[in-house]
Amino acid sequence: MVNKASKLVEDLAENKLTVAAAESCTGGLIASEIISIPGASEVLNESFITYSNEAKSTLIGVDPCAIEKYGVVSAEVAREMSRMAAIRANADLGISSTGIAGPDGGTEKTPVGTVFISASLKTDDGFRTEVKELHLTGDRNEVRAKAADEAIDLATACIPK
């Protein structure tokens, strides 16, 4: 079985594409998985751990109004994180994660395990962006690992075959 990050790195290299990640709840796991694969240095431009709302705005340029309007754990913020990561890192593909890994911090509206992931691929006329809402179970580290795994899958699916 091919490791998911291996497939992503292979597909990026075959298509001469680069990637950048903007991670909140996964805290660097997406980039770590990519970096664990030989050849990653050819495709990974940068990775941002944007755990705080301020970091999302100052490091990658997420509009603070979007965070205020939609909430930091939202499809809109995940979408902007992936797009802005690609722009800031001058990469072809941006990957993002934002969510609540637990064990606390959840609400009735946004329970623990709610994660939004996104992948934005640069195209000739802008970006093509996919966002996925996840409802994950497990302890904090299991939620983080599952979210990173899902984000890598989503990013791989965005690469032209």
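**View 1. Lys16 is an exposed loop residue.** K16 has a relative accessible area of 74%, which means it counts as exposed. This is a predicted model. K16 lies in the loop that runs between α1 and β1 (19-23). Its backbone is worth a look: phi of K16 is near 55°, a positive value, and the residue is not a glycine. Most residues other than glycine have a negative phi.

**View 2. N90 follows helix α5 with a positive phi.** N90 comes just after α5. The residue sits in the loop between α5 and β3. Phi of N90 is about 50°, a positive value, although N90 is not a glycine. Is N90 buried or exposed? Its relative accessibility is 57%, so N90 counts as exposed.

**View 3. Helix α5 (residues 75-89) has the span expected of its residue count.** The helix holds 15 residues. At 1.5 Å a residue they should span 21 Å, and the end C-alpha atoms of α5 are 21 Å apart, so the two agree. Which residues of α5 are buried? They are A75, V77, A78, E80, M81, S82, M84, A85, A86 and A89. An α-helix has 3.6 residues a turn, so residues three or four places apart point the same way.

**View 4. Helix α3 (residues 53-60) crosses α5.** The two axes come within 10 Å and cross at roughly 35°. The crossing of α3 past α5 is left-handed. On the α3 side, K56, T58, L59 and I60 make the contact; on the α5 side, V77, M81, M84, A85 and R88 do. Sorted by class, this contact has six nonpolar, one polar and two charged residues. V77, M81, M84 and A85 are also among the buried residues of α5.

**View 5. Helix α1 (residues 4-14) packs against helix α6 (residues 140-158).** Their axes come within 9 Å, with a crossing angle of roughly 30°. Angles under 35 degrees count as roughly parallel. α1 and α6 are therefore roughly parallel to each other. α1 passes α6 in a left-handed crossing. From α1, the contact uses K4, A5, K7, L8 and D11. From α6 come D149, I152, D153, A155 and T156. What classes of residue make up the contact of α1 with α6? Four are nonpolar, one is polar and five are charged.

**View 6. The buried residues of α6 pack against helices and strands.** V143, R144, A147, A148, A151, I152, L154, A155, T156 and C158 are the buried residues of α6. They pack against α1, α2 (29-35), β3 (93-99), β4 (114-123) and β5. Three of the names recur from the previous view: I152, A155 and T156 also meet α1. How does the length of α6 compare with expectation, and what is its span? Its 19 residues should span 27 Å at 1.5 Å a residue, and its end C-alpha atoms are 27 Å apart, so the values agree.

**View 7. D139 lies in the loop before α6.** The loop holding D139 is between β5 (126-135) and α6. D139 has 44% relative accessibility and so counts as partly exposed. P111 is 28 residues from D139 in sequence. In space, the two are 13 Å apart, C-alpha to C-alpha.

**View 8. A cis peptide bond joins G102 and P103.** Omega is about 5° at this bond. P103 is placed in the loop between β3 and β4. Most peptide bonds are trans.

Note on methods
Residues numbered from 1 in each chain as written. Predicted model: local features only at pLDDT ≥ 70, side-chain atom pairs only at ≥ 80, totals over all residues. Heavy atoms only, no water. Axes fitted to C-alpha atoms, helices over the stretch in contact; angles between N-to-C directions. Helix = DSSP H or I, 4+ residues; strand = E, 2+ residues; numbered from the N terminus. Parallel < 35°, antiparallel > 145°, perpendicular 65-115°, else oblique. Left-handed = near helix turned anticlockwise from the far one by under 90°. Contact = heavy atoms within 4.5 Å. Nonpolar A, V, L, I, M, F, W, Y, C, P; charged D, E, K, R; others polar. Expected span 1.5 Å × (residues − 1). Buried < 20%, exposed > 50% of the residue type's maximum accessible area, 1.4 Å probe, protein only.
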